[in-house]
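Biologist: I would like to learn how to read a structure with two chains, going slowly from one feature to the next. Could we look at it together?

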Amino acid sequence: MTSVLSRAAPLSVDAQAWRWRHTGRSDWAVRGLDLRIEPGERVLLLGASGAGKSTLMHALAGVLGGDEEGESEGRLLVGDADAARARGQVGLVLQDPDSQVVLARVGDDVAFGCENMGVPREETWLRVEQSLRAVGLNLPLQHPTSGLSGGQKQRLALAGVLAMHPGLLLLDEPTANLDPDGVIEVRDAVARVLEASGSTLVVVEHRVDVWWPLVDRVIVLTPGGGVLADGTPDDVLRREGRALAASGVWVPGYPPQYPSRLRRPGERLLFTDGLAIGRSAALQSGIDLAVRAGECVAITGPNGVGKTTLGLTLGGLLPVIDGRVMAEGLAGGLGADPLRWKSRELVPRIGSVFQDPEHQFVSGTVAGEVAVGARAIGLSSDETARRIDPLLERLRLGHLTDANPFTLSGGEKRRLSVATVLVTRPPLLVLDEPTFGQDSRTWAELVAFLAELLDEGSSVIAVTHDVHLVDALADIELRMSRAGHRIESRVS
Amino acid sequence: MPTVDILTPRAGTAAIYRINPVAKLAATAVIGIALALSIDWVSASVALACEAVLFFFAGLGPRQFVRRTLPVVIASVFAATTILLYGRASGTSHWRFLLVNVTDGSIELSIATLLRVLAIGLPAVVLFVTVDPTDLADGLAQVLRLPSRFVLGALGGLRLVGLFAEDWKSLELARRARGIADSGRLRRFAGQAFALLVLSIRRGSKLATAMEARGFGSSIPRSWARESRFGGREWMLVALSFAIALAAVGSSVLTGHGNFLAGA
């Protein structure tokens with residue numbers, strides 16, 4: 001199977017005083033980058049958010065756009081050619097599984113890149129077969145792409161670029177959106193592919209422990225521009241490990257600090273009785289869960305088993321399929337079923353943060369976004385201001401009050417969506433992947449903040465893949481799988 | 001969450017599935033144009049009778065046929081009723097009420113309209129139920145030589161439409177969760193529609209980047225992994241559609257009902 005795959009020669013990368021900025025911005029996204037990556041090297045590219053990692057990846061793939069998108073200085077070479085012309089020799093896999101599937105059938109999707117490169121038909125289908133095998137996607141060519149899991153979609157995207165025989169493979173947070181099983185699936189597929197093709201690899205990922213064994217070089221970019229650290233993984237870890245961890249990089253051997261918890265559960269706020277959840281058919285049934293004040297419940301399990309749906313149901317947003325959600329401890333004069341509360345009655349009682357923060361943004365500025373909830377419950381403008389400022393400071397958004405929510409980084413968006421529900425001070429928070437996209441520093445701050453809220457008597461229901469979050473905060477873990485669910489106490 | 005995808009490949013064993021969508025498009029156009037230009041009941045009923053025989057080979061079960069074509073049937077009844085009540089009056093008047101005037105002429109026109117909508121609509125629906133969007137794009141680009149950038153771009157974009165419904169539901173729940181879902185239904189709808197637009201543009205630009213990263217839009221001449229064939233079967237379908245059109249128009253002329261719009 002290696003005959004066709006190994007034909008592509010690995011490519012080098014050369015950055016010579018390269019800088020780039022978006023049209024209309026005064027700051028350079030990347031400035032003064034000097035870097036050489038040898039053919040066949042496997043590089044993990046790190047850096048705090050805003051260090052220009054994604055910009056560099058897009059530039060290397062030749063998809064940064066022309067002069068109308070931004071301006072560049074210096075040189076950026078892939079092999080011997082300008083990176084802008086390297087398209088086709090460079091394979092780029094991006095973060096979002098859903099927006100990388102181009103065609104409706106597995107085989108057609110993998111063939112898409114070959115067609116664009118003018119590869120003859122017989123060879124295209126040969127490459128399709130080999131690429132699918134290389135990423136371990138054993139599906140018929142006619143299989144619809146719509147029903148694939150996140151991990152399968154990412155492996156499909158990988159097969160799609162692989163079929164183009166790239167000399168340079170670029171992975172921009174390829175596993176950020178996946179559950180733990182999906183992460184391993186994709187990592188192993190990449191390992192197999194590199195074994196067979198020998199191509200150069202540059203991977204960007206926050207959770208580096210997954211990729212650490214696979215790479216032979218680690219490069220850390222600084223937000224100011226330039227290279228902070230560069231060397232073998234062991235070297236970088238030994239010399240810069242502490243500094244990297246302090247700057248927010250997730251470094252193996254430097255686990256984030258867990259806050260101390262009082263763990264003094266109070267009265268029962270909400271319970272379920274034979275609850276069955278789902279959008280149309282039941283995904284899970286027979287859930288009997290109780291949440292007390294000051295308690296944190298973690299909902300864990302692979303994608304697609306109904307974790308998000310359960311969160312939305314407990315948050316009074318989706319109807320039950322069967323059974324009951326009773327929130328007498330929160331009702332304060334209303335009926336016990338949170339689904340029947342009015343929208344403005346809901347926000348001071350239960351605060352729900354969605355998986356995709358963008359779904360929840362309704363205002364043009366960060367400060368305006370937080371004020372929405374306050375206005376909904378009729379707070380005075382003085383009181384609103386009193387609540388907003390400390391909240392934004394606490395979540396490191398204080399310098400962004402006038403920014404448009406959509407222009408924030410992924411991690412900032414997530415923290416903003418947490419802030420928007422906290423302003424009405426609901427006793428129960430339902431958070432869907434609250435720590436997604438956080439660097440280790442903002443992670444620790446967010447978790448410490450949640451621990452404080454818990455100690456003050458609020459409750460948190462967190463839907464999460466993040467084992468650190470479960471270890472740090474959860475009193476109860478509700479583990480869901482396709483076969484059913486299990487409720488475990490996490491208090492030793 | 002399962003994704004709804006309007007591009008989910010259509011597959012079936014019947015021969016009709018393998019016919020090039022461009023031929024189906026052409027056949028529908030031929031019948032449509034011929035019947036649109038004539039407005040009498042004879043041409044429409046002859047066409048409909050011929051088509052009825054062919055529907056047995058359409059690869060649809062009776063239940064599926066009814067379910068898929070129901071909108072056309074309803075539309076035809078609506079159109080016919082409108083013509084019946086308000087159509088051009090001629091001959092004996094049977095019922096008058098305000099603007100309503102049911103006459104011999106409007107009854108005849110109404111029947112002709114009913115048959116015409118069915119004769120144009122039913123084969124269009126039946127033929128396109130068995131069209132796979134990817135095959136259609138292949139045909140448009142390879143057989144009709146439409147620009148591949150345009151055709152494939154549209155095909156890629158079409159895939160995102162299936163995600164709209166999910167986004168809309170999420171936006172609705174999110175507004176309830178933000179405390180702003182109680183009042184101002186119209187304003188909320190407008191805001192939500194705008195948010196959906198923003199989301200879909202962001203999705204679209206992500207997809208465009210992914211497509212570009214795979215060499216889409218480069219200057220290299222594109223190859224086609226799937227050949228879009230236009231052979232005997234396809235010509236046969238087009239010939240059949242011509243035959244139906246000719247039979248329909250011919251019989252209406254021969255029976256003296258010929259009433260071409262062009263000459264009317």
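Biologist: Leaving aside residues up to four places away in sequence, which residues does A:L92 touch?

Modeller: Please keep in mind from the start that this is a predicted model. With those sequence neighbours left out, A:L92 touches A:M57, A:A61, A:V63, A:V161, A:L170 and A:D172, and it also touches B:A213 of chain B.

Biologist: Of how many residues does the largest nonpolar core consist, and which of them touch the most other members?

Modeller: The largest nonpolar core has 92 residues, and those that touch the most other members are A:L60, A:L92, A:L158, A:A159 and A:L170. The element that gives the most to this core is α5(A), with six residues. A second core, separate from this one, has 76 residues, including A:L270, A:L317, A:L392 and A:L473.

Biologist: How many helices and strands are there in chain A, and how should I judge its overall form?

Modeller: Chain A has 15 helices and 20 strands. For the overall form, one can set the radius of gyration beside the value from a rule for globules: chain A has 24 Å, close to the 23 Å that the rule gives for 492 residues, so chain A is as compact as a globular protein of that length. Its C-alpha atoms fill a box of roughly 70 × 50 × 45 Å along the principal axes, and 55% of its 492 residues are buried. Among contacts in chain A with a separation of 6 or more, 72% are between residues 24 or more positions apart.

Biologist: What radius of gyration does chain B have, and what would a compact globule of 264 residues have?

Modeller: Chain B has 24 Å, whereas a compact globule of 264 residues would have a radius of gyration near 18 Å. The C-alpha trace of chain B spans about 65 × 55 × 35 Å along its principal axes, and buried residues are 36% of its 264 residues. Its secondary structure consists of eight helices and two strands, which follow one another from the N terminus in the order α-α-α-β-β-α-α-α-α-α.

Biologist: How do I describe two helices that pack together?

Modeller: Two packed helices are described by the distance between their axes and by the angle between those axes. In chain B, the axes of helix α5 (residues 133-142) and helix α6 (residues 148-177) come within 9 Å and cross at roughly 170°. Angles over 145 degrees count as roughly antiparallel, and α5(B) and α6(B) are therefore roughly antiparallel to each other. On the α5(B) side, B:P133, B:T134, B:A137, B:L140 and B:A141 meet B:S148, B:V151, B:L152, B:L155 and B:L158 in α6(B). By class, this contact has eight nonpolar, two polar and no charged residues.

Biologist: Helix α6 of chain B also holds B:A165; is B:A165 buried or exposed?

Modeller: B:A165 counts as exposed, because it has 12 C-beta neighbours inside 10 Å. Measuring along the sequence is a separate matter from distance in space: B:A165 and B:S205 are 40 residues apart in sequence and 19 Å apart from C-alpha to C-alpha.

Biologist: How many residues does each chain bring to the contact between them?

Modeller: Chain A brings 53 residues and chain B brings 43 residues. On the side of chain A that touches chain B, α3 (106-116), α4 (121-134), α5 (150-162), α10 (343-346) and α11 (366-376) each supply at least two residues, and the largest share, seven residues, comes from α3(A). By class, the residues on that side of chain A are 26 nonpolar, 17 polar and 10 charged.

Key. Residues numbered from 1 in each chain as written. Chains lettered and ligands numbered in written order. Predicted model: local features only at pLDDT ≥ 70, side-chain atom pairs only at ≥ 80, totals over all residues. Axes fitted to C-alpha atoms, helices over the stretch in contact; angles between N-to-C directions. Helix = DSSP H or I, 4+ residues; strand = E, 2+ residues; numbered from the N terminus. Parallel < 35°, antiparallel > 145°, perpendicular 65-115°, else oblique. Contact = placed C-beta atoms within 7 Å. Nonpolar A, V, L, I, M, F, W, Y, C, P; charged D, E, K, R; others polar. Core = buried A, V, L, I, M, F, W, Y, C linked by C-beta atoms within 7 Å. Buried ≥ 20, exposed ≤ 12 C-beta atoms within 10 Å, placed from the backbone. Rg over C-alpha atoms; globule rule 2.2 N^0.38 Å.
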